[in-house]
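Trainee: Please give me a close look at a single part of this model, and then set it in the context of the rest.

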Protein chains: 2
Amino acid sequence: MFQPAFILVRPQMGENIGAAARAMWNFGLDHMRIVAPRDGWPNQSAVAMASGAGRLLDEAQLYKDVTSAIGDRTHVYATTARPRELTKTVLTPEAAMADASARIRAGAQIGILFGPERAGLENDDIAPANTIISVPVNPSFPSLNLAQCALILGYEWRKLVSDTEQFSVAESSEDQAKIADIEHLVSHYEERLDEAGFFFPAAKAQSRKTNFRN
Amino acid sequence: MFQPAFILVRPQMGENIGAAARAMWNFGLDHMRIVAPRDGWPNQSAVAMASGAGRLLDEAQLYKDVTSAIGDRTHVYATTARPRELTKTVLTPEAAMADASARIRAGAQIGILFGPERAGLENDDIAPANTIISVPVNPSFPSLNLAQCALILGYEWRKLVSDTEQFSVAESSEDQAKIADIEHLVSHYEERLDEAGFFFPAAKAQSRKTNFRN
């Protein structure tokens, strides 16, 4: 499936650009664009931090402003922590990625804007976007950084395209043993089994005990 | 609601402990436990990195081993990237947090184990746990670090307890304008409006233009 472009707007620290590249590639995303990075481009700090995701930096497209970076996109999301006076639909990361994948299936070209570390996106960056994405953070500590924000968007994207099975929620009982109680029971049986010569031969005793405890 | 304890098992770098504290507090979680940290405790590198989430480190409970750290828990999850030979249910972060919140409502005490940065949890750490949590990462680059893993679990927890509205997915049309085309149209109207004296007074022209573009 086509994927959204992650567009870093005026990123400051090279380390954060590299960390964002890693976060993207953790979830199989590799289309990065960079708008007017503070310290120029290429950036050796970004390369050092990206390690296994360095290819994303090599292939990243560089733009002088937001307008040119999103020119070929048909639907753009702007990530922002705080509410804005601009009137736009606000989506959670999960809803936004579901929206994006539906649009991509219908032929859309998607871009997601991420602001500079210190101040975030400015209103002039957000104005041309179609939709705002806001991560539901702790209002007392809403300090997500660039790479964390990219990680969560990438994670929600991956959930949509991943075939990892979602197991059903287990039934809960109100009468539950504490792990310490289970540990006592297991230790009791382990000692009895040990006395009886169950964990034999000695070379395999440890792995047998681990399996028994499991 | 009661919350799960995040249990860092033999963490190595203080910076990663601090970053995990920040990740937890970003999503309103503040119950941290630490098992046998490599560099002792307290750890100044952890404090420096935690910044606004330093309280979690002050209040973190220290344990000598996993068994004592989970002794008072009734249900324990172990986070691990790779499949294990141990036979246990494997849940995604989303399913695991739904499971955990259902268990907490039924009176359970929850713990989530996070392994050391380099090698992850060992089989002997995982054996006493009830359930495995595996983040669906890119198989070519499964390199989530401790703080990233804590961030994703915290994020999924927050989604359950947050009242942020999930907007519905918008209908998509296959006939969509590119942002560059919209920009041309908007610039055209902006110029005509400017000629007509619409953006008046001059002191407010910029914010009016931003609103117009929005």
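Mentor: A:Gln12 is a good place to begin, and it sits in the loop between strand E1 (5–9) and helix H1 of chain A, where helices (H or I, at least four residues) and strands (E, at least two) are DSSP runs numbered from the N terminus. This is a predicted model, in which local features need pLDDT of at least 70 and side-chain atom pairs count only at pLDDT 80 or more, whereas totals for chains, interfaces and linings use all residues. Residues are numbered from 1 along each chain as its sequence is written, chains are lettered from A and ligands numbered from 1 in the order in which they are written, and side-chain values use heavy atoms, with hydrogens and water left out.

Although A:Gln12 and A:Arg118 are 106 residues apart in sequence, their C-alpha atoms are 8.2 Å apart in space. The side chain of A:Gln12 reaches the backbone nitrogen of A:Arg118 at 3.2 Å, a polar contact under the rule used here (a pair of N or O atoms within 3.5 Å; within protein, one must be able to donate a hydrogen and the other to accept it, and residues adjacent in sequence count only if both atoms are side-chain atoms). Apart from neighbours within four places in sequence, A:Gln12 is in contact with A:Arg38, A:Asp39, A:Pro116, A:Glu117 and A:Arg118, contact meaning heavy atoms within 4.5 Å.

Another loop residue, A:Asn138, lies between strand E7 (131–133) and H7 of chain A. A:Asn138 is buried, with a relative accessible area of 6%, since buried means under 20%, exposed over 50% and partly exposed in between (1.4 Å probe, protein chains only). The side chain of A:Asn138 reaches the backbone nitrogen of A:Ser140 at 2.9 Å, and, with neighbours within four places in sequence left aside, A:Asn138 is in contact with B:Trp25, B:Asn26, B:Phe27, B:Gly28 and B:Arg158.

That leads to the interface, in which 77 residues of chain A are in contact with 77 residues of chain B. The two chains bury about 6,000 Å² between them, 56% of it on carbon and sulfur atoms, buried area being the accessible area (1.4 Å probe) that two parts lose on being put together, summed over both. Between chain A and chain B there are 4 salt bridges, each a side-chain nitrogen of Lys or Arg within 4 Å of a carboxyl oxygen of Asp or Glu; B:Lys159 forms a salt bridge with A:Glu156, with the closest N and O atoms 2.6 Å apart. The rule also finds 23 residue pairs in polar contact across this interface, both residues at pLDDT 80 or more. Among the elements that each supply at least two residues of the side of chain A that touches chain B are helix H1 (14–26), helix H7 (146–161) and helix H8 (179–195).

Two loop features complete the picture. Most residues other than glycine have a negative phi, and most peptide bonds are trans. A:Ala36, in the loop between strand E2 (32–35) and helix H2 (44–50) of chain A, nevertheless has a positive phi of about 45°, and at 33% relative accessibility A:Ala36 counts as partly exposed. The peptide bond from A:Phe200 to A:Pro201 is cis, with omega near 0°, and A:Pro201 is placed in the loop between H8 and H9 of chain A. In chain B, a cis peptide bond likewise joins B:Phe200 and B:Pro201.
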